[in-house]
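With the structure open in your viewer, please follow this tour one selection at a time. Each stop says what to select and then what can be found there.

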Amino acid sequence: MPLKPGHVALGETELLELVRSQPRPQHLAVIMDGNGRWATQRGLPRVAGHSEGVKSARTVVRAVDALGIRYLTLYAFSSENWSRPGEEVSMLMTLLERSIHQELPELMARNIRLQVIGRADGVPHTVKRGIDHVMYETAGNTGMTLFMAFNYGGRDELVDAFRELARQVQAGKLRPDEIDEHLISTSLYTAGAPDPDLLIRTSGEMRISNFLLWQIAYTELWVTPVLWPDFGPHDLYRAIAEYQRRDRRFGGV
Ligand code: IPE
Ligand code: IPE
Ligand code: MG
């Protein structure tokens, strides 16, 4: 159910109050899209949009943490994004490494656990080392879990899970009949986290782009035309306020 016109007009503080007055999603997932278009519209190189996008990511992590949401998954680089020009790809790698390094003190201060999810193959050694360091340092944090989907593909994730289960069957540790939805869920990169309640996509594209294919079976979708570098707390609160008004039926009546 869309927000009433009155709600759309609410200011940031009122929206925040509204969001705080009702149960928040436990797990929020975001497809951070539109950096390139944001830059192109300003006559800037696409990479300028990615730098600006990092600022939105920082703002959103803070706002989500402040709302007490337990899990946040951000889509930063897909398994298909390798097909972009080499310069853009290497800039995205550097940007990720630099930003997680810079954010480490704040992640510690906020008690946030960072888990980078995706495949390691193809990721430059220095980037991998930086990721491992921040994951190691934050591993004991007990507040919000931040999943950063990087070199991530939903199908890759399923392939990896099924291969692992097949190995267990081959080793005689598992019977095929024992494979059920729960076991598959706990074999994914997001093992232990509940499925996302809400998925936000910016820049208006009405597609999933190989994100969390298994986990979003009953996730509520919210798409905004706002480009990721322009996305801020007000947009976040609007998305959550609309989510809170929805009737999640899960196939029931
Ligand atoms: C999202 O912005 C960031 C990544 C996919 C890495 P885009 O770079 O896809 O921006 P658009 O969609 O081209 O505007
Ligand atoms: C999805 O955005 C991936 C990320 C946001 C990291 P894309 O820009 O790659 O998706 P498509 O190509 O428009 O489907
Ligand atoms: Mg895009």
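Begin by selecting ligand 1 together with N35, where a polar backbone atom of N35 is 3.1 Å from an oxygen atom of the ligand; bear in mind, as you go, that this is a predicted model. Add R46 next, and you will find one of its polar side-chain atoms 2.9 Å from an oxygen atom of ligand 1. Then bring in R84, whose side chain places an N or O atom 2.7 Å from an oxygen atom of ligand 1. If you draw the surface of ligand 1 taken alone, it exposes 380 Å², of which the protein buries 87%.

Now widen the selection to the residues that surround ligand 1, namely M32, D33, G34, N35, G36, R37, R46, H50, A76, N81, R84 and L92. Colouring this shell by class gives three nonpolar, five polar and four charged residues. As for the space that ligand 1 takes, it is the largest pocket. Switch to a cartoon and pick out α3 (35-41) and α4 (46-66), the elements that give two or more residues to the shell around ligand 1; the largest share, three residues, comes from α3.

Move on to ligand 2, which also sits in the largest pocket. Select N81 first, as an N or O atom in the side chain of N81 is 2.9 Å from an oxygen atom of ligand 2. Return then to R84, already visited for its contact with ligand 1, and look for the N or O atom of its side chain that is 3.2 Å from an oxygen atom of ligand 2. Add R207 as well, where a polar side-chain atom lies 2.8 Å from an oxygen atom of ligand 2. Taken alone, ligand 2 exposes 390 Å², and the protein buries 79% of that area.

The full set of residues to select around ligand 2 is I31, M32, D33, Y75, A76, F77, N81, R84, R201, R207 and S209. By class, this shell is made of five nonpolar, two polar and four charged residues. Which element gives the largest share of the shell around ligand 2? Highlighting β2 shows the answer, since three residues come from that strand.

For the last stop, keep F77, which you have just selected in the shell around ligand 2, and turn to the aromatic rings, of which the structure holds nine pairs. Select F150 alongside F77: the two rings form a tilted pair, 5.7 Å centre to centre, with 50° between the planes. Show the strands too, and you will see that the pair links distant parts of the chain, with F77 in strand β2 (residues 71-78) and F150 in strand β4 (residues 145-152), 73 residues apart.

Note on methods: Residues are numbered from 1 along each chain as its sequence is written. Chains are lettered from A and ligands numbered from 1 in the order in which they are written. This is a predicted model: local features need pLDDT of at least 70, side-chain atom pairs count only at pLDDT 80 or more; totals for chains, interfaces and linings use all residues. Side-chain values use heavy atoms; hydrogens and water are left out. A residue is near a molecule or strand if one of its heavy atoms lies within 4 Å of it. A polar contact is a pair of N or O atoms within 3.5 Å; within protein, one must be able to donate a hydrogen and the other to accept it, and residues adjacent in sequence count only if both atoms are side-chain atoms. Accessible areas come from the Shrake-Rupley method with a 1.4 Å probe; for residues, only the protein chains shown count as cover. On a 1 Å grid over the protein atoms alone, a cavity is a set of points where a 1.4 Å probe fits but cannot get out, and a pocket is an open set with protein on both sides within 12 Å along at least five of seven lines; lining residues have an atom within 4 Å of a point. A molecule sits in a cavity or pocket if more than half of its atoms lie within 2 Å of its grid points. Helices (H or I, at least four residues) and strands (E, at least two) are DSSP runs, numbered from the N terminus. Ala, Val, Leu, Ile, Met, Phe, Trp, Tyr, Cys and Pro count as nonpolar, Asp, Glu, Lys and Arg as charged, and the others, Gly among them, as polar. Rings of Phe, Tyr and Trp (its six-membered ring) pair if their centres lie within 6.5 Å; planes under 30 degrees apart count as stacked, over 60 as edge-to-face and the rest as tilted.
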